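Grab a coffee and open the viewer. Below is a set of short exercises, each with a solution worked out in steps.

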Amino acid sequence: MNIQFLGATDTVTGSKYLVRHGDASVLVDCGLFQGYKPLRLRNWSSLPFAAADIDAVILTHAHIDHSGYLPLLARQGFAGKVFCTPGTADLCRVLLPDAGHLQEEEAEYANRHGFSKHAPALPLYTREDAMRCLKLLHPIPAGKHWQPAPGLTASLTHSGHMVGSSFVQLEDGSRSILFSGDIGRPNDLLLRPPSQMDGADYLVVESTYGDRLHKDSDPMLALGQVINRTAARGGVVVIPAFAVGRAQSLLHCVEVLKTQGVIERTLPVYLNSPMAAKATQVYLKHKAELRLTSAECEAMAHTAHIVESPEESRLLNAKHGPMVIIAASGMATGGRVVHHIKAFAPDKRNTILFAGFQAGGTRGALIVGGEPMVRIHGQEVPMRAEVAMLDDLSAHSDAAEIMGWLRGFKSAPKQTFITHGEPAAADAMRQRIERELHWPCHLPYYLESAALS
Ligand SMILES: [Zn+2]
């Protein structure tokens, strides 16, 4: 076997690993690059292989940085199967068309307001492209072994990062390789903990939080404090949140805080994301992966007012606090939340509350970094609102939690490839694995190939 790293090197986005065995080739994850412009430009550059030559794609999970390149791969001629868990397939049906729609919207907005350097600005792909690629989805239940391509056996195992998320193991009869995808947390609010794996000859492990530990505080408590302190100022809490996973965790927290009387039961909470509403239904459908009771699942799904139309979304900007608005995207790179930040960030009574990792180069990272002015839709917007961070709600294991998962392996990998981290995080993870486990590690570079002999 041979592996080529086509993304998630020196960055947390663009996950794409090409595994070749004889004439067979399988792409593990098919993610979009996000964040810094030079990274995003990679989405437009041609692949180092013919899309039509790939036998199959296997997805670890549905997040766009792991699945969002599928519409482009299909448009370039890929017609094979996209294997993933039933939960991942359901979430891709929600996420991918929306990603195409967002790309179209952004391009259209840029053209309408004339602030694109390109005339006309084009979407990377359209909703139509995304709808077409959904036909390739081929759900496989976790735990089953199957052949994605001649000579290769694969299996998926629950990884606790979001509904459907899984570790991917590939074997060629003599060698095995394990892809961690994104590793969930042992004590996630919603999801059951990641399964312990026995190990593999080769390991590709994520390192998003490779240089950090999540705070040992209670995220629910922290959320309650931010909401109460903002409400006391009469302000609005704007929470940019991934529509899938983070939004549901936040809804669960809000519901529990209201039930416990920590925040006012009457405080208006808006979920301004039709996609998050759909994703919540997928979460309900796959409740077996969650640690909530059926009643808790129902309560989580009904705690917020769901904003459907763009018109209603715009009207929210004219409303006054106290209120809470949860909207996508999670890194404020696009989606309805950008309009809310533009409307509410200039007022110091309000709070912009980030609920997860902000990749370098995103608007979220700029705001968290304390930029006094942030460019939104071609306009400089003053950031006077309080900026807060709920790091603890992360759906990723931190360095210690990853180490705990690795320590459970029954045998040491011959080689561990550390990916899916900013350079400092990936290197910290490397040092820690080498020092504490004495496993040989390597930080692959973009487009690097390695033999798995
Ligand atoms: Zn993810």
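The exercises start at the metal site and end with the two domains.

Before you start, note that this is a predicted model, in which local features need pLDDT of at least 70, side-chain atom pairs count only at pLDDT 80 or more, and totals for chains, interfaces and linings use all residues. Residues are numbered from 1 along each chain as its sequence is written, and side-chain values use heavy atoms, with hydrogens and water left out.

**Exercise 1. Find the residues that coordinate the zinc ion, and work out how they are spaced in sequence.**

Step 1. Look for donors, meaning N, O and S atoms within 2.8 Å of the metal (3.2 Å for Na, K and Ca); water is not among the atoms, so sites may look incomplete. You'll land on His61 through NE2, His63 through ND1, His161 through NE2 and Asp182 through OD, at 2.2 to 2.3 Å from the zinc ion.

Step 2. Write down the spacing of these donor residues: H-x1-H-x97-H-x20-D. Histidine 61 and histidine 161 are 100 residues apart, so to speak a link between distant parts of the chain. Histidine 61 sits in the loop between strand 4 (56-58) and helix 2 (64-67), and histidine 161 in the loop between strand 8 (152-158) and strand 9 (166-171). Here helices (H or I, at least four residues) and strands (E, at least two) are DSSP runs, numbered from the N terminus.

Step 3. Check accessibility, where buried means under 20% relative accessible area, exposed over 50%, and partly exposed in between (1.4 Å probe, protein chains only). Histidine 61 comes out buried because its relative accessibility is 0%. Histidine 161 is buried too, at 3%.

**Exercise 2. Which geometry label does the site of the zinc ion get?**

Step 1. Collect the angles among the 4 donor atoms: they run from 89 to 171 degrees.

Step 2. Apply the cut-offs. Four donors count as tetrahedral if all angles lie between 85 and 135 degrees; four count as square planar and six as octahedral if opposite donors are over 155 degrees apart and all others between 65 and 115; anything else is irregular. The label for this site is irregular.

**Exercise 3. Hunt down backbone oddities.**

Step 1. Recall the background: most residues other than glycine have a negative phi, and most peptide bonds are trans.

Step 2. Look for cis bonds. One joins glycine 321 and proline 322, with omega about -5 degrees, and proline 322 lies in the loop between helix 10 (310-316) and strand 15 (323-327). Another cis bond joins alanine 328 and serine 329, with omega about 5 degrees; serine 329 is in the loop between strand 15 and helix 11 (336-344).

Step 3. Look for positive phi. Histidine 420 has phi near 50 degrees and belongs to the loop between strand 20 (415-419) and helix 14 (423-437). Leucine 447 has phi near 75 degrees, in the loop between strand 21 (441-442) and strand 22 (449-451).

Step 4. Add accessibility. Histidine 420 is buried because its relative accessible area is 3%, while leucine 447 is partly exposed at 35%.

**Exercise 4. Is valine 324 buried or exposed, and what does it touch?**

Step 1. Place it: valine 324 is in strand 15.

Step 2. Read its relative accessible area, which is 1%, so valine 324 is buried.

Step 3. List contacts (heavy atoms within 4.5 Å). Not counting residues up to four places away in sequence, valine 324 touches Ile227, Val237, Ile239, Leu267, Pro268, Val269 and Tyr270.

**Exercise 5. Describe how domain 1 and domain 2 meet.**

Step 1. Get the bounds, which come from an automatic or database domain assignment: domain 1 is 2-212 + 395-451 and domain 2 is 219-393.

Step 2. Take the distance: their C-alpha centres lie 26 Å apart. The contact uses 34 residues from domain 1 and 37 residues from domain 2.

Step 3. Work out buried area, the accessible area (1.4 Å probe) that two parts lose on being put together, summed over both. The two domains bury about 3,000 Å² between them, 63% of it on carbon and sulfur atoms. In domain 1, Val163, Leu189 and Leu190 lose the most area to domain 2, together 25% of what that side buries.
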